[in-house]
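Trainee: I am new to this structure and would like to go through it step by step. Could you show it to me first, and then take my questions one at a time?

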Amino acid sequence: MNAGVRADFAPDPFPEFGQCPHKLLAHPAMPERLYQQNHCGVFRSDDGGRQWVDLSEGLPSRFGFVLGIHAADPDTIYVVPEDKALDGEVGGFVRYVTDAKFRVYRSRNAGADWEPLTNGLPQGNAYLHLMREGMATDPLDDCGIYLGTTTGQIFASRDDGDSWELLADYLPPINSVDCAVVA
């Protein structure tokens, strides 16, 4: 179920299998709609995964790990694009947010357009990385979004991503973030 999903690292860029999905989410109100953050882009399927559409146009990088969906709106999604750089000490690659600017990208139209959200996020020398489970969204009307970095920060937005604050710093690497609403 990979029709339309890129695998730029393979000899055939659109193979039947061998893609590298990082995160896959469905919205409860539209379970046939799937979103995928892949090794080679962000994709959407409106038919339960039989056909995928590339949503990466307008993002500064095709790569990323995290993906979030607004709890009340299946057309609103969030991603954090990342780049890779050669790590001379280990001879491999390291990942961090594109241009070392921490930007969450939001689409309010199912991935047709993207806007960078930066208010309250570091915009210089931000060599931050998020793992696959490093983003969570809450079910409130003004969607809360929570991000955990491998350098030990937790960032949060309580207004659909319009503004951000640092909730915690100097923690061990954060590999997974989840949230709950307590009544």
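Mentor: Before we begin, a contact here means heavy atoms within 4.5 Å. Please also keep in mind that this is a predicted model.

Trainee: How many helices and how many strands are there in the protein?

Mentor: Reading from the N terminus on, the elements run β-β-β-β-β-β-β-β-β-β-β-β-β. The count for the protein is therefore zero helices and 13 strands.

Trainee: What is the radius of gyration of the protein, and what does the globule rule give for 183 residues?

Mentor: Taken along the principal axes, the C-alpha atoms fill a box of roughly 45 × 45 × 25 Å. For 183 residues the globule rule gives 16 Å, and the protein comes close to that, so it is as compact as a globular protein of that length, with a radius of gyration of 16 Å.

Trainee: What share of the residues of the protein count as buried?

Mentor: A residue counts as buried when its relative accessible area is under 20%. The protein exposes about 9000 Å², of which carbon and sulfur atoms supply 53%. Of its 183 residues, the share that count as buried is 45%.

Trainee: In which order do the four strands of the open sheet stand?

Mentor: Strand β1 (residues 21-27) is joined to strand β2 (residues 30-38) by six antiparallel bridges, and the two form a hairpin with two residues between them. Five bridges, again in an antiparallel pairing, join β2 to strand β3 (residues 41-45), and that hairpin also passes through two residues. The edge strands, each pairing on one side only, are β1 and β4 (53-54). The open sheet thus has the order β1-β2-β3-β4.

Trainee: Which residue in β3 is the bridge partner of Gln36?

Mentor: Gln36 belongs to β2, where it is the bridge partner of Leu24. Further along the pairing with β3, Asn38 stands opposite Gly41. For Gln36, the bridge partner in β3 is Phe43.

Trainee: Is His27 buried or exposed?

Mentor: His27 has its place in strand β1, and the cut-off for a buried residue is under 20% relative accessible area. Because the relative accessibility of His27 is 5%, this residue counts as buried.

Trainee: Which backbone oxygen does the side chain of His27 reach at 2.9 Å?

Mentor: Leaving aside residues up to four places away in sequence, His27 touches Arg33, Ile69, His70, Ala71, Ala72, Asp73 and Pro74. A polar atom of the His27 side chain lies 3.0 Å from the backbone oxygen of His70. At 2.9 Å, the side chain reaches the backbone oxygen of Ala71.

Trainee: Which residues touch the most other members of the largest nonpolar core?

Mentor: Nonpolar side chains tend to be buried together in soluble globular proteins. Here the largest nonpolar core has 17 residues, and β6 (77-87) and β11 (145-148) each supply at least two of them. A second, separate core of 11 residues includes Tyr35, Ile77, Val79 and Ala110. In the largest core, the residues that touch the most other members are Val80, Phe102, Val104, Met135, Leu147 and Trp164.

Trainee: Which residues does Val80 touch, not counting residues up to four places away in sequence?

Mentor: Val80 is one of the residues that touch the most other members of the largest nonpolar core. Apart from residues up to four places away in sequence, its contacts are Phe63, Gly64, Val66, Val97, Phe102, Arg103, Val104, Leu130, Met135 and Leu147.

Methods
Residues are numbered from 1 along each chain as its sequence is written. This is a predicted model: local features need pLDDT of at least 70, side-chain atom pairs count only at pLDDT 80 or more; totals for chains, interfaces and linings use all residues. Side-chain values use heavy atoms; hydrogens and water are left out. A nonpolar core is a set of buried Ala, Val, Leu, Ile, Met, Phe, Trp, Tyr and Cys residues joined through side-chain atoms within 4.5 Å. Buried means under 20% relative accessible area, exposed over 50%, partly exposed in between (1.4 Å probe, protein chains only). A polar contact is a pair of N or O atoms within 3.5 Å; within protein, one must be able to donate a hydrogen and the other to accept it, and residues adjacent in sequence count only if both atoms are side-chain atoms. The radius of gyration is taken over C-alpha atoms; the globule rule is 2.2 Å times the number of residues to the power 0.38. Accessible areas come from the Shrake-Rupley method with a 1.4 Å probe; for residues, only the protein chains shown count as cover. Two strands pair if DSSP finds at least two bridges between them.
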